[in-house]
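The following exercises concern side-chain contacts, burial and backbone geometry. Each task sentence is followed by a solution in steps.

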Amino acid sequence: MATQTGEAELLRGLLTTPEYRKTLALCALIGIPVSLVCFWFLAGLHELQHLLWDSLPQGLGWAGAPWWWPLPLLLVAGVVVGWVAGRLPGAGGHVPAAGLAMGGTSTKALPGVVLAAAASLPFGAVLGPEAPLIALGGGLALLLRDLARGPGTPQASVLMGVAGAAAAISAIFGSPLIAAVLLIEVVGVGGPQLVAVMLPALLSSGLGALVFTGFGRWTGLKTGGLTVRFPGTVPRLDAADVGWGLLLAVALAVVLRLTVGAGKRVAVYVTRRTVARTALCALGAGACAAVYALVTGRSPAEVASSGQAMMAPLVESPQSWAVGVLVAVLLCKTVAYALCLGSLRGGPVFPALFLGCAAGVLAAPLPGLGVLPAVTAGLAAGAASVLRLPVSSAVMALVLVDSPGMTPVAILATVAALITAELPVGHRRRKPAQTAARPA
């Protein structure tokens with residue numbers, strides 16, 4: 001009781017501090033301009049991707065992008081990102097294989113982050129927009145803080161950076177709830193500290209979500225996003241759904257663990273002769289997309305992309321994806337994902353979610369398993385294997401499928417994937433040395 005009383009007094013004192021109130025007001029205001037910038041940034045990336053992958057091939061006389069189309073585009077992406085990584089402050093943002101970084105980035109690094117993201121994502125990198133968007137939101141928040149002459153203390157800088165990042169997360173994931181839960185796990189604080197961090201983040205992300213929704217309707221522009229809608233009624237869970245879901249989660253965690261490990265080795269590889277090696281890895285990712293298009297006769301963009309735009313068609317009409325096509329897209333996209341994780345710039349979450357979704361659709365025909373529980377397990381396992389954040393991964397999967405009845409599958413798949421991803425490997429138990437008996 002004494003501890004609870006002390007925490008309540010500490011929180012009350014913190015909320016009445018003039019510096020904290022000023023920071024809170026700035027965070028509420030920051031959510032609006034940060035969301036507007038993020039909106040136009042995402043809209044610009046979406047329009048550039050449409051131009052490169054749809055309008056330009058059609059203008060040259062093809063019905064769609066030919067099988068070799070990813071090769072020159074990703075070569076250009078590799079050259080530009082390699083130059084940015086070697087020449088500009090901040091190296092174009094953090095390496096995606098390192099995970100999802102939170103907080104504000106240096107304002108000097110913002111041009112490099114924007115340029116590297118613009119060269120990676122529309123040109124076919126198998127990465128998502130979440131990481132550069134978070135860096136952009138956090139960096140803009142600090143820039144606006146400096147322009148408004150807000151508090152410059154380390155605590156205020158952290159709060160402002162987190163608030164800008166929260167507005168960006170809310171925009172790209174389409175839910176302030178995901179932003180809040182993600183920040184709780186990433187920041188790793190509790191008690192009054194948790195409330196102090198979450199209030200600015202919730203204010204910024206809530207206002208940002210409103211701005212994003214209203215501005216999107218007003219302009220008619222698309223920014224992309226994660227939406228998965230399942231046709232028909234929601235099935236009831238049974239033992240087969242849970243059992244197959246756990247096995248699927250373990251298998252996905254093993255594959256994604258190896259994939260992220262490969263991405264980290266690629267990141268080490270490109271540290272020397274950065275431009276040439278980054279271009280080579282990007283070209284390898286393009287080759288994966290080209291092979292997929294040659295083998296399946298489908299668009300290479302199904303591999304050379306984050307996968308966010310394909311999840312909805314995949315779950316709405318899974319019958320249009322043959323088993324061979326699903327296997328091919330999983331294999332080719334996983335290899336391309338590993339190459340992009342260590343060489344280009346973007347976020348690691350979206351492709352992992354797509355791989356989980358595709359694996360769920362592939363596993364759905366198993367006896368007793370349905371599409372909805374399989375995809376829920378796949379989404380949760382994909383997010384948990386990359387983020388290593390259990391609550392955020394489960395919430396993300398449930399928000400995407402919009403089905404509270406799948407909560408048990410999402411939680412169990414998250415736990416199974418996280419344990420599998422965190423298990424130590426390569427450590428064998430050493431046998432105790434045997435000593436020869438000495439004669440008496």
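The model is predicted.

**Exercise 1. Locate Leu-294 and describe the surface patch to which this residue belongs.**

Step 1. Leu-294 is found in helix α10, a helix that spans residues 274–296.

Step 2. The relative accessible area of Leu-294 is 52%. Because exposed residues are those over 50%, Leu-294 counts as exposed.

Step 3. Together with Leu-56, Leu-60, Trp-62, Trp-67, Trp-68, Val-291 and Val-295, Leu-294 forms a nonpolar patch on the surface. The accessible area of these residues together is about 780 Å².

Step 4. Helix α10 gives the most to this patch, with three residues.

**Exercise 2. Determine how many aromatic pairs the structure holds, and classify the pair Phe-39 and Trp-40 as well as the pair Trp-68 and Trp-69.**

Step 1. Four aromatic pairs are found in a search of the whole structure.

Step 2. In Phe-39 and Trp-40, the ring centres are 5.4 Å apart and the planes stand at 85 degrees. Planes over 60 degrees apart count as edge-to-face, so this is the class of the pair.

Step 3. The two partners can be described by burial. Phe-39 is buried at a relative accessible area of 2%, whereas Trp-40 is partly exposed at 45%.

Step 4. Trp-68 and Trp-69 form a tilted pair, with 5.5 Å from centre to centre and 50 degrees between the planes. Trp-68 is partly exposed, with a relative accessible area of 32%, and Trp-69 counts as buried at 6%.

Step 5. Trp-68 and Trp-69 also belong to one aromatic cluster with Trp-62.

**Exercise 3. Identify the contacts made by the charged end of Arg-298 and by its salt-bridge partner, then examine the salt bridge of Arg-388.**

Step 1. The structure holds two salt bridges.

Step 2. One of them joins Arg-298 to Glu-302, with the closest N and O atoms 3.0 Å apart. Glu-302 counts as buried at 13% relative accessibility, while Arg-298 counts as partly exposed at 26%.

Step 3. The charged end of Arg-298 also sits over the ring of Trp-321, at 4.3 Å from the ring centre. A further contact of this kind places the charged end of Lys-333 over the ring of Phe-354, 5.2 Å from its centre.

Step 4. Arg-388 and Glu-422 meet through their side chains in a salt bridge of 3.1 Å, N to O. Arg-388 lies in the loop between α14 and α15 (390–401) and Glu-422 in helix α16 (residues 407–422), so the pair ties together parts that are 34 residues apart in sequence.

Step 5. Both partners count as partly exposed: Arg-388 has 30% relative accessibility and Glu-422 has 46%.

**Exercise 4. Establish how many disulfides the structure contains, and explain why Cys-288 and Cys-340 form no bond.**

Step 1. The search of the whole structure finds zero disulfides.

Step 2. A disulfide requires two cysteine sulfur atoms within 2.5 Å.

Step 3. For Cys-288, the closest cysteine sulfur is that of Cys-332, at 6.1 Å, which is too far for a bond.

Step 4. For Cys-340, the closest cysteine sulfur is that of Cys-288, at 8.5 Å, again too far for a bond.

Step 5. Cys-288 counts as buried at 13% relative accessibility, and Cys-340 counts as buried at 0%.

**Exercise 5. Place Leu-372 in the fold and state its separation from Ser-403 in sequence and in space.**

Step 1. Leu-372 belongs to helix α14, which covers residues 371–387.

Step 2. With a relative accessible area of 6%, Leu-372 is buried.

Step 3. Leu-372 and Ser-403 are 31 residues apart in sequence, and their C-alpha atoms are 8.9 Å apart in space.

**Exercise 6. Describe the backbone angle phi and the setting of Ala-91 and Arg-273.**

Step 1. Ala-91 has a phi near 55 degrees, a positive value in a residue other than glycine. Ala-91 lies in the loop between α3 (70–87) and α4 (110–120) and is partly exposed, with a relative accessible area of 25%.

Step 2. Arg-273 has a positive phi of about 50 degrees, although this residue is not a glycine. Arg-273 is found in the loop between α9 (239–269) and α10, and is exposed at a relative accessible area of 61%.

Terms used:
Residues numbered from 1 in each chain as written. Predicted model: local features only at pLDDT ≥ 70, side-chain atom pairs only at ≥ 80, totals over all residues. Heavy atoms only, no water. Phe/Tyr/Trp six-rings, centres within 6.5 Å; stacked < 30°, edge-to-face > 60°. Buried < 20%, exposed > 50% of the residue type's maximum accessible area, 1.4 Å probe, protein only. Lys NZ or Arg CZ within 6 Å of the ring centre and 35° of its normal. Helix = DSSP H or I, 4+ residues; strand = E, 2+ residues; numbered from the N terminus. Salt bridge = Lys/Arg side-chain N within 4 Å of Asp/Glu carboxyl O. Patch = residues over 30% accessible without salt bridge, like charges linked within 9 Å, V, L, I, M, F, W, Y side chains within 5 Å. Areas by Shrake-Rupley, 256 points an atom, 1.4 Å probe, with all protein chains shown as cover.
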